[in-house]
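Got your viewer open? Let's take a walk through this protein, one selection at a time.

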Amino acid sequence: MKKIIFAILLTLSSFAEYPYFNFDSSKLKLNDYSYRRYVRPQLRSLKNDFYYIVKRITYTSQDFINLRENTLKLVLQFDGAYDECKKNQKTCYQEIKKVVPLIQATERNIKKLREDFISLPTQQYGNVDDYINLISLLDNIDNLNLRVQSYIQLLHLTEGTNFSTYVPHIESYKNYVGKMYNYSNDAFIYIIPNELKPSFEQFLDNFLSPLELRMMAELDKRWFIDRLGDLNMQWNVFHMDLEKGQTGFPREYVRNVKVMHARWNSILKLMFY
């Protein structure tokens, strides 16, 4: 409740020109040119700023970042293949084989993380349960990755034959890929210091991940405008937690949060003026 009150107060003061509860979405300005030249680059830079912070407050973070990035790309590429496979099952393999390098990269990510655990600092985990839960998440990603890989191999074997129509449809495997991305996010949160986990999980689930899936790959103007108020509130919660809250966030990185804040504000200004 305290986080929500803080977010509302900040929205009504610092962001008075971008009110959360009452703005006319039909007057917001966002075209393809502004998106390509400014909005998407700012969002990607904001994400890089976030990773910069994470790499300085955690251990082995780059390997978890790589896992997140590969499963994200897998989701986005699989979505494109899914549309084509729905149109014609017989030619599905030609589209879906494009995701094979990402499946292989994810397999390497998991292997590298398992090797990392042998030499992890003891301060990485508060208890054995955390360690076991993280291993379980990686196992889940690995198992789903193998299922998707087996499906693609089956498509390859039956390509151009009458058996191609009997291959299971792609819907379940699209869900598997989505779960892999969600599990990667969960694993990523495990490397965050315990006192910061709630703030970073809120930011990842409610701000960064939706933007990755709907705005950083390509423009989804209607979704962005419809969700702008909520995204602004989610950002305000994270910003206040790290800059003004009692979360134990290292003060030397507050300036990086301010940079992220300025990037988000600049996007809002572009849309409202």
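Here is a short tour, beginning with the whole chain and then stopping at three pairs of helices.

**Stop 1: the whole thing**

Before you click anything, keep in mind that this is a predicted model. Switch on the cartoon view and you'll find ten helices and zero strands. Follow the chain along the sequence and the pattern reads α-α-α-α-α-α-α-α-α-α.

Now try a surface view. The protein exposes about 13800 Å², and carbon and sulfur atoms supply 51% of that area. Of the 273 residues, 48% are buried. As for who touches whom, take the contacts with a separation of 6 or more: residues 24 or more positions apart account for 80% of them.

**Stop 2: α2 and α10**

Select residues 32-57, which is helix α2, and then add residues 254-272 for helix α10. Their axes are 9 Å apart and meet at an angle of about 160 degrees. Over 145 degrees counts as roughly antiparallel, so that is how α2 and α10 lie to each other. The crossing of α2 past α10 is left-handed.

Next, show the side chains where they meet. On the α2 side pick out, among others, Y38, L46, F50 and I53; on the α10 side, residues including V257, M260, W264 and I267. The residues of this contact divide into 13 nonpolar, five polar and two charged.

Zoom in on I53, which sits in α2. Is I53 buried or exposed? Its relative accessibility is 1%, so I53 counts as buried. Beyond its neighbours within four places in sequence, I53 is in contact with F200, F249, Y253, N256, V257 and M260. While you're here, draw a C-alpha to C-alpha line from I53 to P250: they are 197 residues apart in sequence, yet 9.8 Å apart in space.

**Stop 3: α8 and α9**

Clear the selection and choose residues 197-216, helix α8, together with residues 221-243, helix α9. How are these two packed? The angle is about 150 degrees, with the axes 9 Å apart. That makes α8 roughly antiparallel to α9, and α8 passes α9 in a left-handed crossing.

At the meeting place, look for F200, F203, F207 and L211 among the α8 residues, and W223, L231, W235 and F238 among those of α9. By class, this contact has 13 nonpolar, four polar and three charged residues.

The residue to center on is L231, in α9. With 0% relative accessibility, L231 counts as buried. Setting aside neighbours within four places in sequence, L231 touches N206, F207, L211, W223, F224 and W264. One of these, W264, also turned up in the contact of α10 with α2. Measure across to L211 if you like: L231 and L211 are 20 residues apart in sequence and 9.0 Å apart from C-alpha to C-alpha.

**Stop 4: α6 and α7**

Last, select residues 128-158 for helix α6 and residues 171-190 for helix α7. They pack at about 155 degrees, with their axes 9 Å apart. That makes α6 roughly antiparallel to α7. Here too, α6 passes α7 in a left-handed crossing.

Light up the contact: α6 brings residues including L134, L137, I141, L144 and Y151, while α7 brings Y173, Y176, M180, Y183 and Y190, among others. Color by class and you'll see 13 nonpolar, four polar and four charged residues in this contact.

Methods. Residues are numbered from 1 along each chain as its sequence is written. This is a predicted model: local features need pLDDT of at least 70, side-chain atom pairs count only at pLDDT 80 or more; totals for chains, interfaces and linings use all residues. Side-chain values use heavy atoms; hydrogens and water are left out. Axes are lines fitted to C-alpha atoms, for helices over the stretch in contact, and angles run from 0 to 180 degrees between N-to-C directions. Helices (H or I, at least four residues) and strands (E, at least two) are DSSP runs, numbered from the N terminus. Angles under 35 degrees count as roughly parallel, over 145 as roughly antiparallel, 65 to 115 as roughly perpendicular and the rest as oblique. A crossing is left-handed if the near helix is turned anticlockwise from the far one by less than a right angle, and right-handed if clockwise. Contact means heavy atoms within 4.5 Å. Ala, Val, Leu, Ile, Met, Phe, Trp, Tyr, Cys and Pro count as nonpolar, Asp, Glu, Lys and Arg as charged, and the others, Gly among them, as polar. Buried means under 20% relative accessible area, exposed over 50%, partly exposed in between (1.4 Å probe, protein chains only). Accessible areas come from the Shrake-Rupley method with a 1.4 Å probe; for residues, only the protein chains shown count as cover.
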